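Colleague: Got a minute to go through this one with me? I'd like to start with the DNA side and then look at the packing.

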Amino acid sequence: MLKLKIFIWLATIKKLDNSFYARPNVVRIARELLGKVPVTEFEGRRTSGRIVEVEAYNGVVDRASHAWSGRRTRRTEVMYAEGGTAYVYLIYGIHHLFNVVTNKKDVPHAILVRALEPLEGIPLMLERTRKAKLDHSLTRGPGNLSRAMGLYTLHTGYSLYENEIYIGDDGYKVRPSDIVATPRIGVDYAGPDAELPYRFFVKGNPYVSGKKNSG
DNA sequence: CTGACGATTCACT
DNA sequence: GTGAATCGTCAGC
């Protein structure tokens, strides 16, 4: 019974494509990513989960963005790629953060995926994170979820239109009344842009990071 | 070449 | 609430 359900779900999940990622409004795309399903499949080992928290980074006009004022370095170069490209970078020398590049080539928009609810491959996620049993910390917070999904800096630049890393749409819809917008976490350096309501999460979901779920 | 530091997490008080 | 972990990146010399 469970196997049949999984089979049907696998057959119905549909990869998000360029018509989703290439649009101009990164804040809107971020909100729409809630409920979508990132999938990784490395060497036949598959993990996936449903997105419950994201943050939008609005390119050159956003002081919180790595691409603010057109900054273009070896690390951030991938942000200027076409929408549907993975941007994974290392922070604090420890954590790998998974982002999705949006908009067209040369417009460095990106969305940080901050939390998800695990779906497939939970045993593999536990193995990767060296956790003994499932709890909400498994995929809560951008560092934790990247580790659980097996995403590291070596994956930066990967296309999300291939089969190793992509984001699927299985038709699940988050109720608009359950979506909360707050300022982004950890961007105090961004001056007035630190106040922008570019973080979105699913109200009450236990995998959402932050102290009170409310920013 | 050097030094400061980060879109975080976790253990500890 | 505070501080340590840990290293690639980047600005400045």
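Modeller: Sure, and keep in mind that this is a predicted model. One cut-off before we start: a polar contact here is a pair of N or O atoms within 3.5 Å.

Colleague: How far is the polar side-chain atom of tyrosine 89 from a base nitrogen of DNA strand B?

Modeller: Tyr89 is listed among the closest of the 21 residues around DNA strand B. Its polar side-chain atom pairs with a base nitrogen of that strand, and the distance is 3.2 Å.

Colleague: And which residue puts a backbone N or O atom 2.9 Å from a phosphate oxygen of DNA strand B?

Modeller: Two backbone contacts go to phosphate oxygens. Asparagine 144 has a polar backbone atom at 3.4 Å, so that one doesn't fit a 3.5 Å cut-off any less, but it isn't your 2.9 Å pair. The residue with the 2.9 Å distance is glycine 143.

Colleague: Which class gives eleven residues to the surface near DNA strand B?

Modeller: Charged residues number two there, and polar ones eight. That leaves the class with eleven: nonpolar.

Colleague: Now the packing. Which helix gives the most to the largest nonpolar core?

Modeller: That core has 39 residues, and Leu33, Val54 and Phe98 touch the most other members. The top contributor gives five residues and spans 26-33: helix α3.

Colleague: How many residues are in the second, separate core?

Modeller: Its members include Tyr57, Ala64, Leu97 and Val187. The full count for this second core is 15.

Conventions. Residues numbered from 1 in each chain as written. Chains lettered and ligands numbered in written order. Predicted model: local features only at pLDDT ≥ 70, side-chain atom pairs only at ≥ 80, totals over all residues. Heavy atoms only, no water. Near = heavy atom within 4 Å. Polar contact = N/O pair within 3.5 Å; in protein donor to acceptor, adjacent residues only side chain to side chain. Nonpolar A, V, L, I, M, F, W, Y, C, P; charged D, E, K, R; others polar. Core = buried A, V, L, I, M, F, W, Y, C linked by side-chain atoms within 4.5 Å. Buried < 20%, exposed > 50% of the residue type's maximum accessible area, 1.4 Å probe, protein only. Helix = DSSP H or I, 4+ residues; strand = E, 2+ residues; numbered from the N terminus.
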